[in-house]
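Trainee: I am new to reading protein structures. Could you walk me through one, feature by feature?

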Amino acid sequence: MKVIAKRPDSLTDVQFTYCPGCLHGVAHRIIAEAMDELDMRNNTMGVAPVGCSVFAYKFFDCDMAEAAHGRAPAVATGMKRARPDMHVFTYQGDGDLAAIGTAEIVHAANRGEKMTVFFVNNAIYGMTGGQMAPTTLPGMKTTTSPYGRNTDDIGFPIRVCEMLNTFVAPYYIERVSLLTPQDILKAKKAVKKAMQYNKENRGFTFIELISTCPTNWGIDPIESLTWAKENMLPFFKVQNFRDKGAEAGK
Amino acid sequence: MSEKVLMKGNEAVAEAAIRAGCRLYFAYPITPQSELIEYMAKMLPKVKGTFVQAESEVAAINMVYGAAGCGKRVMTSSSSPGISLKMEGISYLAGANLPSVIINVQRGGPGLGDIQPAQGDYFQATKGGGHGDYRLIVLAPNSVQEFADMASEAFDLADKYRIPVMILSDGLLGQMMEPVSFKPTLTAEEIAEKEKIHLDWCMRPNEDEPNHHHHEINSLEIDPNVLETHVLDLEKKYKLITENEIKFEEYNINDDNQIVCVAYGTASRIVKSAIDQLSEKGINVGLIRPINVWPYPSNAIKNVLHKKVKKVITFELNLGQMVEDVRLAVNGQIPVEFLGKVGGLVFSPDEVIKKIEDNL
Ligand SMILES: Cc1ncc(C[n+]2csc(CCOP(=O)(O)OP(=O)(O)O)c2C)c(N)n1
């Protein structure tokens, strides 16, 4: 019998805790596939955030640490410095990374920590029931912006890739989308490239994954994909911001 | 032990930590502990160690969390305002059973306070500070030598109980120079040997396939029944520590003490010289000096309450924090008096003598 599809070895068989239509599971899967394909599982450690993916430490089948809200890049720094022979990644939501953990991500990126950060942007706080995130779009309604995000009052969404791209040290920065099967294939390529660079200890690598939150957006899963395409992608453009590996190859 | 050298407390404890196998240190500058971070910045690279100047104390303690999760001897240090920022991380370290060493070179507070010695962080160190039911082992030195000796002791205790250990020092001990001698430097093999006890839980490569391990560093237990078990396990550990790790000094404790004083750290030095001067006058006063302030030497205090002792007097560089533990130990048997000094000031022996004489 030929196996044509299976759970990646880098995922445990613990059942995901995600809502129907949520794309965290897709993000987990492509990261795990990349780890399998690059044969990294046995010397990789991950850091789970606080957010819907808080249980990521149970899902990825490598050694894992659960960090305090926003602190994953600092925890990962300690891990990488303690075990430079191993490979470290963090997995974080937009509240975790771009609000409470802004200082930690900025400085880990600026130091050029040799790690990969997977940043899942769903424009909302999922875990706590749909409050406004630093990435919530202008006019978008959430439980704490019930009249729509008022940019006069609370400012505009933060574009994290663009911000980190102002630093000298980062090695690879790319924004991808998980909104169509083709997008997911492209996302997988970027994820794998980041992990490949990680394996080679090249430097700080950062992948933002544009995602959805049907439950808290109050939109069904299929329509959520359309909504995100129409509303998120114009603001958060899918693009490669930096690839020092490709530059070196030129 | 090495030959004696004259050193500041901050530098001595840093040197002692390196000798005790600390190869990872993360911190953020703050007075009056900056000599410590500067010493580590200079010396760690020479022993292939790692120093990272973190973007904040919050980041520094979380770097400690990551490195401790890898089973390595790791340390951070700060002074009062920075220790407040570390409290989130300390709670997580305690919840995840992570061995680590934290040094607080206390200064005056609250808020930004000042940069002079104080003991205002006693409650924070011994009663929590961060959220949740947890304890730290808290060591309180009163000399540069003891400050340095506590570095290796702190790492050994942290390893033994898988617990964060705090050295509760102050600006005077950090800045003051005294002669100090050091224990021999642990070799790389000796450090590796010490860290071996963590291999069955820490994050490390999966070298032993097919026995693949999946180690989790974590303080989250979403099921209340599981969390209950976890917290009760912590309690068991804290009870064991209370049985084994109480440490105190008796100074001039005898059957004829009229008054027994209780003081720790810098305050205890002044009380000692007051006791010496009083004994020249024929006044017999003893001192119980807690060396570890958690677990607390309650029985040591209880045991000196015999007929001749009229009062217990607690001396602290704060408004009265440890005195609550003294009162619990004395449990109403005799009066407990208190003299405090705040603002980063230190009382003089004469002020201590007056307080004692007023209570004779
Ligand atoms: C210090 C602290 N503050 C607040 C919280 C509550 N909290 C848990 S998850 C979360 C938001 C997470 O949102 P995001 O990072 O966008 O991830 P998502 O849940 O959308 O995947 C918040 C505010 C917490 N756990 N800790």
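Mentor: Gladly! Let's begin with an idea we need for the ligand: a polar contact is a pair of N or O atoms within 3.5 Å. Keep in mind that this is a predicted model.

Trainee: How far is the ligand's oxygen atom from a polar backbone atom of A:Ile124?

Mentor: The separation is 3.1 Å. A polar backbone atom of A:Cys52 also pairs with a ligand oxygen, at 2.8 Å. From A:His24 it is a polar side-chain atom that lies 3.0 Å from an oxygen atom of the ligand.

Trainee: How much of the ligand's accessible area does the protein cover?

Mentor: On its own the ligand has 590 Å² of accessible area, and the protein covers 75% of that. In chain A, helix H4 (94-100) and strand S5 (124-125) are the elements that give two or more residues to the shell. H4(A) gives the most, with 4 residues.

Trainee: Which residues come nearest, and what classes make up the shell?

Mentor: There are 16 residues around the ligand, and A:Cys52, A:Asp94, A:Asp96, A:Gly126 and A:Met127 come nearest. Sorted by class, the shell holds 6 nonpolar, 8 polar and 2 charged residues.

Trainee: Now chain B. Is B:Ala192 buried, partly exposed or exposed?

Mentor: For this step you need the cut-offs: buried is under 20% relative accessible area and exposed is over 50%, with partly exposed in between. B:Ala192 has 40% relative accessibility, so it counts as partly exposed. You will find B:Ala192 in helix H8 (residues 188-195) of chain B. Its C-alpha atom is 9.9 Å from that of B:Arg73, although the two are 119 residues apart along the chain.

Trainee: Where is B:Val342, and what does it touch?

Mentor: B:Val342 sits in the loop between strand S15 (336-340) and helix H13 (349-358) of chain B. Leaving aside residues up to four places away in sequence, B:Val342 touches B:Asn318 and B:Leu319. Because its relative accessible area is 42%, B:Val342 is partly exposed.

Trainee: How should I look at a helix?

Mentor: An α-helix has 3.6 residues a turn, so residues three or four places apart point the same way. Try helix H10 (residues 265-280) of chain B: it has 16 residues and reaches 24 Å from first C-alpha to last, close to the 22 Å expected.

Trainee: Which residues of H10(B) are buried?

Mentor: Among them are B:Ile270, B:Val271, B:Ala274, B:Ile275 and B:Leu278. Just after H10(B), look for B:Gly282, which takes a positive phi of about 85°.

Note on methods: Residues numbered from 1 in each chain as written. Chains lettered and ligands numbered in written order. Predicted model: local features only at pLDDT ≥ 70, side-chain atom pairs only at ≥ 80, totals over all residues. Heavy atoms only, no water. Near = heavy atom within 4 Å. Polar contact = N/O pair within 3.5 Å; in protein donor to acceptor, adjacent residues only side chain to side chain. Areas by Shrake-Rupley, 256 points an atom, 1.4 Å probe, with all protein chains shown as cover. Nonpolar A, V, L, I, M, F, W, Y, C, P; charged D, E, K, R; others polar. Buried < 20%, exposed > 50% of the residue type's maximum accessible area, 1.4 Å probe, protein only. Contact = heavy atoms within 4.5 Å. Expected span 1.5 Å × (residues − 1).
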